[in-house]
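Below is a short report on one protein chain, arranged from the whole fold down to single residues.

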Amino acid sequence: MGSMSQETKLPFVDFSKEGDKLNPESPEWVSLRAQVRLALEDFGCFEARFDGVPMDLRNTMMGSLQELFDLPLEMKLRNVSRKPFHGYVGQYPQVPLFESMGIDDADLHEKVDELANSLWPQGHPTFSKTIRSYSEKLLKLDQIIRRMILESLGVEKYLEEHLNSTNYLLRVMKYKGPHTPETKLGLNAHTDKNIVTILYQNQVEGLEIQTKDGEWISFKPSPESFIVMIGDSLYAWANARLHSPNHRIMMSGNETRYSAGLFSIPKAGYIIKAPDELVDEEHPLLFKPFDHVQFLGFYYTEEGQRAESALKAYCGV
């Protein structure tokens, strides 16, 4: 499945507000946009510095995750969803270290309050405020990155439609330490299926990303940075001009790894189709138009799980 590299590192992109780099009219924006495009072509992901989410909010968020997963199992099971991997996930023999919970529309007050009230019947305003504030602030980075992607591809005329085609899912994850120095599987290798994922984690290692040539990069987390990664839906929409990377979680030692991923998710019924401008003789159309929710349903079938690429099996030309 590829060797492990200790030397290859992910690209680093600085979105902090110094200077004029977040002004779309500035030369700094153009330079930053080129860095994003190159990173997503070569790796499909990058490490990002973004000061739009204050450090104290990040710390509070990690505390909220621990509080959430410390709830009794019967309470966590109240987090249900008709969409795969959007509700509570756990108790899987294949990945015994892994638990996950999904918070749909995590930037909307009423949706977060609804979940909090189902888990804590007396309500939990502090938890709700933390989840909403974190998601609201971080989705700004998602929108900056997606604007840069569309501009770099020369299809910025679709930006409004593109941004309006998604909702935001905050998926929070816990990986128990296996209490052994031997490395154990935390989560199987996979590509994300959405548009963009922005991941933040505590300082426990475990995330590994596969390069195009099959090497696995072990990522060392920093409290200062996020991981930005594109999923199969954006890969298909861009007609494979960007890369959707395989990644996995491998755990060792005693410490618990907590992470929170903000996922921009195509809305049900929205058809993902590569713009005509991205299809030509050099880049023939690779995927037929598809609905993300239906694709997700296929992915979790036996056929979808067996396929080397569920996307190609589902809608490849």
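## Overall fold

The protein chain contains ten helices and 14 strands. The model is predicted, not experimental.

The radius of gyration is 19 Å, which agrees with the value near 20 Å expected of a compact globule with 317 residues. Along the principal axes, the C-alpha trace extends about 55 × 45 × 45 Å.

## Burial, surface and contacts

Of the 317 residues in the protein chain, 54% are classed as buried. The accessible surface amounts to about 14600 Å². Carbon and sulfur atoms contribute 49% of that surface.

Contacts in the protein chain often link distant parts of the sequence: among those with a separation of 6 or more, 76% join residues 24 or more positions apart.

## Packing of α1 against α5

Helix α1 covers residues 27-42 and helix α5 covers residues 125-153. Their axes come within 9 Å and cross at roughly 85 degrees. An angle from 65 to 115 degrees counts as roughly perpendicular, and α1 and α5 are therefore roughly perpendicular to each other.

On the α1 side, the contact is formed by W29, L32, R33, V36, R37 and L40. On the α5 side, I144, I145, R147, M148, I149, E151, S152 and L153 take part. By residue class, the contact of α1 with α5 comprises nine nonpolar, one polar and four charged residues.

## E110 in helix α4

E110 lies in helix α4, which runs over residues 109-119. The relative accessibility of E110 is 52%, so E110 counts as exposed, the cut-off for that class being over 50%.

E110 and L285 are 175 residues apart along the chain, and their C-alpha atoms are separated by 40 Å.

## Positive phi at N239 and A240

Which backbone angle stands out at N239, given that N239 is not a glycine? The phi of N239 is positive, at about 55 degrees. A240 is not a glycine either, and has a positive phi of about 65 degrees.

N239 is located in the loop between α7 (232-237) and β11 (247-253). A240 also belongs to the loop between α7 and β11. As for solvent exposure, N239 has a relative accessible area of 3% and is buried, whereas A240, with a relative accessible area of 26%, is partly exposed. The cut-off for buried is under 20% relative accessible area.

Terms used
Residues are numbered from 1 along each chain as its sequence is written. This is a predicted model: local features need pLDDT of at least 70, side-chain atom pairs count only at pLDDT 80 or more; totals for chains, interfaces and linings use all residues. Side-chain values use heavy atoms; hydrogens and water are left out. Axes are lines fitted to C-alpha atoms, for helices over the stretch in contact, and angles run from 0 to 180 degrees between N-to-C directions. Helices (H or I, at least four residues) and strands (E, at least two) are DSSP runs, numbered from the N terminus. Angles under 35 degrees count as roughly parallel, over 145 as roughly antiparallel, 65 to 115 as roughly perpendicular and the rest as oblique. Contact means heavy atoms within 4.5 Å. Ala, Val, Leu, Ile, Met, Phe, Trp, Tyr, Cys and Pro count as nonpolar, Asp, Glu, Lys and Arg as charged, and the others, Gly among them, as polar. The radius of gyration is taken over C-alpha atoms; the globule rule is 2.2 Å times the number of residues to the power 0.38. Buried means under 20% relative accessible area, exposed over 50%, partly exposed in between (1.4 Å probe, protein chains only). Accessible areas come from the Shrake-Rupley method with a 1.4 Å probe; for residues, only the protein chains shown count as cover.
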